[in-house]
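Biologist: Let us go through this model together, from the ligand site to the sheets and the backbone details. I will ask and you answer.

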Amino acid sequence: MNDNSKIWSNILSKIKLELASFSYETWFNDTELYELKNGVAKIIVPYAMHKDHLKNNYYDLIKSKFIEEVGDNVELEFLIEEEIEHNIEDDLLKIQDGEANNNINIYDNDSSFNFESHLNKNYTFDNFVVGNSNKFAQMSALAVAENPGAIYNPLFIYGNSGLGKTHLMHAIGNYIENNSRKKVLYITSETFCNDFIDMTKKDNNKSDFDNIAYFKKKYRGIDVLIVDDIQFLAKRTESQKEFFHTFQNLYEDEKQIIISSDRSPNDLKLLEDRLRTRFGWGLSVNIYPPDFELKLEILKRKIKGEYIKKDVPNNVLEYVASNAGTDIRSLEGSLTRLLAYSTMMGRDIDLNLAIEALKDYLNLGYSDDTDVSKIQKIVADYFKISIDDLKSKKRNSSIAFPRQIAMYLCRKHTDESFPKIGIEFGGKDHSTVMHSCEKIEQEMKKNKTLADEIDKLEKEIHN
Ligand code: ADP
Ligand code: MG
């Protein structure tokens, strides 16, 4: 271990003691002390998002640990890997003062209004398992939870059903409730529509004013609004109008808004333009289907949960993880079914029992033989390295260069986006992928041998 990695690992072990494990893992895993020179510590972080977040939330903590460790005052600079490679010197990051204040709500002393957050306490960051496919979404969610209203507003989380959007939204809400006095409200967009309809309905026992006052209090007197499955607002013109005003009101007051949907803001065709535009004002993050490793990890965590007393052998977990469908809800369904079947039959769980129990349930024959994995295999074979190397963080050029070529080929020969390709290469930031593609394109113009090699690889891809 060289000096820098020793210093950094000492600092990290101290920081680890002071933070919740999900915070530590999200913000400090895969960080590295690149250089400590002239009173400046350059720290490599995995994603661009880490730079702002560490600077705004953890600067003092890290700095104090440096002082304990090396005895000197240091300034911190956070960089992603490309910036080191490019030698781009960011301005020295300055400490930002002004911690997010916890607003005390103006409706606090209104006892007539019974406030309910509708949060599910079982969905937390603690039990949200992080893998390459959901890392960016989880990180954005935690950034918002640690700093509501301040940075990414609105936070828009989108992806197919069963991938963890609702879980993440509750996790944000629970975190904020537990760490501040902010008022959080979780609703689905259907609840919003129903409340809106109730407000406009005539009710003989109540004056119109009561209904409107109730609605306004429920939706305007909060600090954090979480709206799940916004796609159901499509076509409901009047509710959309009201939602627009609610959104605008909260947004102007710098209240945090978090929205989920099964598709991206741009693809929400049936929403008013002005809503769609606003959804894009903050940060939109895509949550992708889990890979095998994440599925396996989730299964392991679930059976560790106290309520499952049965012993489930590893080969059974692997069988379930590799054959379950593409979402986490169905993965959980497989496990529940397997446990129930074993109880019903009075038999221990082994591979035979699993095959029997799940034969009509699992998505057999599903394979993750995607275009990206095909390209990865061709490139890895060609350069005589392993696919794991391609997905690793290794930076020596015998691996980094083939990795850049593989990323370039994936971008050129598949429909996958930069972020998705990043995920397929072990969870790299999209800027890493973009940088690789540009670099290979430039090199090819200057270097005939490289152009020929790529030509050969392309022929194989189209074979
Ligand atoms: P969505 O809202 O995207 O349809 P949910 O949040 O309802 O999906 O997730 C479906 C189920 O899968 C929930 O029981 C949730 O707790 C679980 N789940 C999803 N992602 C994870 C994860 N990363 N770790 C642990 N459980 C997860
Ligand atoms: Mg959901």
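**Ligand site and fold**

Biologist: How far is a backbone N or O atom of Gly 162 from an oxygen atom of ligand 1?

Modeller: A polar contact is a pair of N or O atoms within 3.5 Å; within protein, one must be able to donate a hydrogen and the other to accept it, and residues adjacent in sequence count only if both atoms are side-chain atoms. A backbone N or O atom of Gly 162 and an oxygen atom of ligand 1 form such a pair, at a distance of 2.6 Å.

Biologist: What kind of model is this, and how is it numbered?

Modeller: Residues are numbered from 1 along each chain as its sequence is written, chains are lettered from A and ligands numbered from 1 in the order in which they are written, and side-chain values use heavy atoms, with hydrogens and water left out. Local features need pLDDT of at least 70, side-chain atom pairs count only at pLDDT 80 or more, and totals for chains, interfaces and linings use all residues, this being a predicted model.

Biologist: How much of ligand 1 does the protein bury?

Modeller: Gly 164 has a backbone N or O atom 3.0 Å from an oxygen atom of ligand 1, and a polar side-chain atom of Lys 165 lies 2.8 Å from an oxygen atom of ligand 1. Taken alone, ligand 1 exposes 560 Å² (Shrake-Rupley accessible area, 1.4 Å probe). Of that area, the protein buries 93%.

Biologist: How many charged residues are in the shell around ligand 1?

Modeller: The shell has 18 residues (a heavy atom within 4 Å of the ligand), and Val 129 and His 167 are among the closest. Ala, Val, Leu, Ile, Met, Phe, Trp, Tyr, Cys and Pro count as nonpolar, Asp, Glu, Lys and Arg as charged, and the others, Gly among them, as polar. On that scheme six are nonpolar and eight polar, and the charged number four.

Biologist: Which helices each supply at least two residues of that shell?

Modeller: Helices (H or I, at least four residues) and strands (E, at least two) are DSSP runs, numbered from the N terminus. The helices that meet the condition are α7 (165-179), α12 (292-304) and α14 (328-345).

Biologist: Why is one side of β1 and of β3 left without a neighbour in the sheet?

Modeller: The open, mixed sheet has the order β1-β2-β3, where pairing needs at least two DSSP bridges between two strands. β1 (32-37) and β3 (75-80) stand at the edges, so one side of each is left without a neighbour, as each has a single partner strand.

Biologist: What angle does α1 make with β1?

Modeller: β1 and β2 (residues 40-45) pair in the antiparallel sense over five bridges. Helix α1 (residues 3-18) touches both strands (heavy atoms within 4.5 Å). Between N-to-C directions of axes fitted to C-alpha atoms, for helices over the stretch in contact, on a scale from 0 to 180 degrees, α1 and β1 make about 115°.

Biologist: What is the average twist in the five-stranded sheet?

Modeller: This open sheet is parallel, in the order β5-β6-β7-β4-β8. Its edge strands are β5 (184-188) and β8 (283-286). From one strand to the next, the twist averages 15°.

Biologist: Which residue is joined to Asn 153 by a cis peptide bond?

Modeller: Most peptide bonds are trans. The bond in question has an omega of about -5°. In the loop between α6 (135-146) and β4 (155-158) lies the residue asked for, Pro 154.
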